[in-house]
Amino acid sequence: RTTKSVGDKVAIHQKDDLESAYSEQNRYSNMGGLTTPATSSASSSSMDANNNTDSQNNSDNKSAEYYYLTPNAVKRLPNYQYNGADLSLLYKHVLSPLAGWCVDHLTPTWLAPNAITSIGLCWMISSYCVIWYFCPGMYEANTEISEYAVPSAIFLLNGCAMLIYQTLDNMDGKQARKTGSSSPLGLLFDHGCDALNSIFGSANWIAAMGLLPGSVNVLLGDASGSANVQNKSYLSELLGGDVMLATFIILSPMTAFFVSTWEQYFTGKLVLPVFNGASEGLVMGASLSFISYIYGPMIWQQTTWTDGAIAFLGDNGIMAFSAMEGRVRNLDIVVLSSIIALVQELLGKVPFVIRSYGKEAMRTLIPHIVFVISTIAIITTDSTIFLRIPRTMCHLISGLFVEQTTQMMLDHMVEKKFSAFRWVMLPQVALAAAMAAGVAVPNESVDVFFMTYTTGLWVYLALKLKTHVNEICDVLGIWCFDIVSPHPKSKRD
């Protein structure tokens with residue numbers, strides 16, 4: 001209800017007695033519609049004039065009421081309508097019906113959709129923390145280079161957590177439609193949780209495959225490491241070592257996620273292809289964890305899959321791939337598949353959006369391009385950084401990715417221009433440039449810098465996202481985790 005409607009109502013009832021006019025004005029004043037109370041000596045005409053003045057003043061106050069949301073954003077946010085589809089056959093015939101059944105038979109109507117999303121994310125956070133405890137360096141499950149006794153049950157937990165997260169993530173939208181609580185906040189909250197979950201899945205996959213995010217020669221010494229299968233891998237040699245394989249496992253899902261958000265920012269639609277990360281990708285990731293639980297993580301360090309294919313081809317007279325025998329690990333196939341899927345995603349979306357929207361589309365890609373290049377530059381320049389502070393690097397990469405992705409999503413919803421300048425990336429870009437230029441920076445200083453940077457980034461990001469949620473709730477008149485209790489600014493009587 002706006003102050004304009006208050007003035008109109010007062011004008012309509014200007015012939016009523018003064019007491020009725022006071023009552024009407026005070027009722028709306030309590031709702032935040034007016035700021036100047038009526039006086040007992042005011043006439044009906046003066047009240048109307050005061051209301052007009054109050055409307056203008058209150059409009060000015062509304063413009064300065066929020067820290068992040070502009071007046072234009074406040075106006076457009078309630079009118080946003082999500083437009084998207086998942087073309088995955090797995091989603092259509094299995095995942096969606098499963099989520100629908102759970103909502104219809106297992107989910108109470110008082111449970112908020114955002115609470116369902118949060119429960120799913122808590123499963124992934126719990127799994128990530130358990131694997132972090134047993135595999136702090138992400139390679140401890142590799143028995144060739146580690147003496148730790150890592151229980152295989154932690155990978156069973158991760159596989160289950162991923163499927164639970166996926167199911168709950170599919171349930172939240174259905175619960176919102178069932179309870180009539182769909183809102184732009186739900187979309188942003190779901191999108192933000194998906195962005196945050198990216199690092200949990202990637203880091204757990206690295207641990208489940210026993211992938212060393214660095215050089216085995218550095219960890220074990222040249223004499224002990226030279227015989228390791230890592231030094232025989234074609235893909236590892238081609239991309240610059242296993243540290244780059246770990247980097248691609250982390251960055252590939254993030255880049256695909258950002259490009260989908262970027263496409264939606266311009267087209268207004270989020271259409272997931274027949275094969276996508278949200279459906280098939282999570283199922284395959286869970287399957288990876290189950291395989292590690294059943295056969296052990298070392299199955300990914302073996303070359304059985306490729307060697308079996310080469311033997312089959314050799315039996316049929318095809319010897320062209322015989323030189324690859326023993327040099328393509330099972331995990332290499334996983335990494336190569338993720339890279340191919342990313343390339344397919346980029347080729348299918350980037351050219352179309354750039355042709356349609358020109359320079360503006362290229363401008364909004366700059367932050368993510370800089371993010372990816374600076375990350376790779378740091379890791380290639382300092383190849384031992386993932387051995388020294390692996391979790392800090394994961395958290396930093398995740399924070400920078402979440403910040404730019406959630407901001408683009410919010411800007412899409414309120415039709416605001418996305419800023420290509422992300423000041424939170426300045427420290428990383430500056431350090432990457434210095435390291436690439438040959439500036440000698442001691443490892444200890446680099447480690448302290450990244451730890452401080454990551455801590456500050458997440459403190460800022462937590463406050464920013466909390467403020468976003470609070471402001472959106474205030475504009476829409478809803479609560480984030482409660483769909484039963486009325487909000488003071490609710491538009492529903």
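How many helices and strands does the protein chain have? The protein chain has 19 helices and two strands, where helices (H or I, at least four residues) and strands (E, at least two) are DSSP runs numbered from the N terminus. This is a predicted model, in which local features need pLDDT of at least 70 and side-chain atom pairs count only at pLDDT 80 or more, while totals for chains, interfaces and linings use all residues. Residues are numbered from 1 along each chain as its sequence is written, and side-chain values use heavy atoms, with hydrogens and water left out.

The predictor's confidence in each residue, from 0 to 100, is the pLDDT. The protein chain averages 86, and 85% of the residues score at least 70. Among its elements, helix α2 (residues 18–30) has the lowest mean pLDDT, 40, and helix α6 (residues 113–134) the highest, 97. Over residues 1–60 the pLDDT is below 50, yet this stretch has 45 contacts in the model beyond near neighbours in sequence; a contact means heavy atoms within 4.5 Å. Where pLDDT is low, the predicted coordinates should not be read in detail.

Of the 493 residues of the protein chain, 48% count as buried (buried is under 20% relative accessible area, exposed over 50%, partly exposed in between, with a 1.4 Å probe and protein chains only). Among contacts with a separation of 6 or more, 81% are between residues 24 or more positions apart.

One helix pair can be followed in detail. Helix α7 (residues 153–179) and helix α13 (residues 277–295) pack at an angle of about 165°, with their axes 7 Å apart. Axes are lines fitted to C-alpha atoms, for helices over the stretch in contact, and angles run from 0 to 180 degrees between N-to-C directions. The angle makes α7 roughly antiparallel to α13, a label for angles over 145 degrees (under 35 is roughly parallel, 65 to 115 roughly perpendicular and the rest oblique).

Residues of α7 in this contact include Phe155, Leu156 and Gln166, and those of α13 include Ser279, Leu282 and Phe290. Ser279, in helix α13, counts as buried because its relative accessibility is 1%. Beyond residues up to four places away in sequence, Ser279 touches Asp86, Ser88, Leu90, Tyr91, Leu95 and Gln166.

A second buried position is Val243, with a relative accessible area of 5%, in helix α12 (residues 242–267). Leaving out residues up to four places away in sequence, Val243 touches Leu212, Pro213, Gly214, Ile379, Ser383 and Phe386. Val243 and Leu387 are 144 residues apart in sequence and 9.0 Å apart in space, C-alpha to C-alpha.
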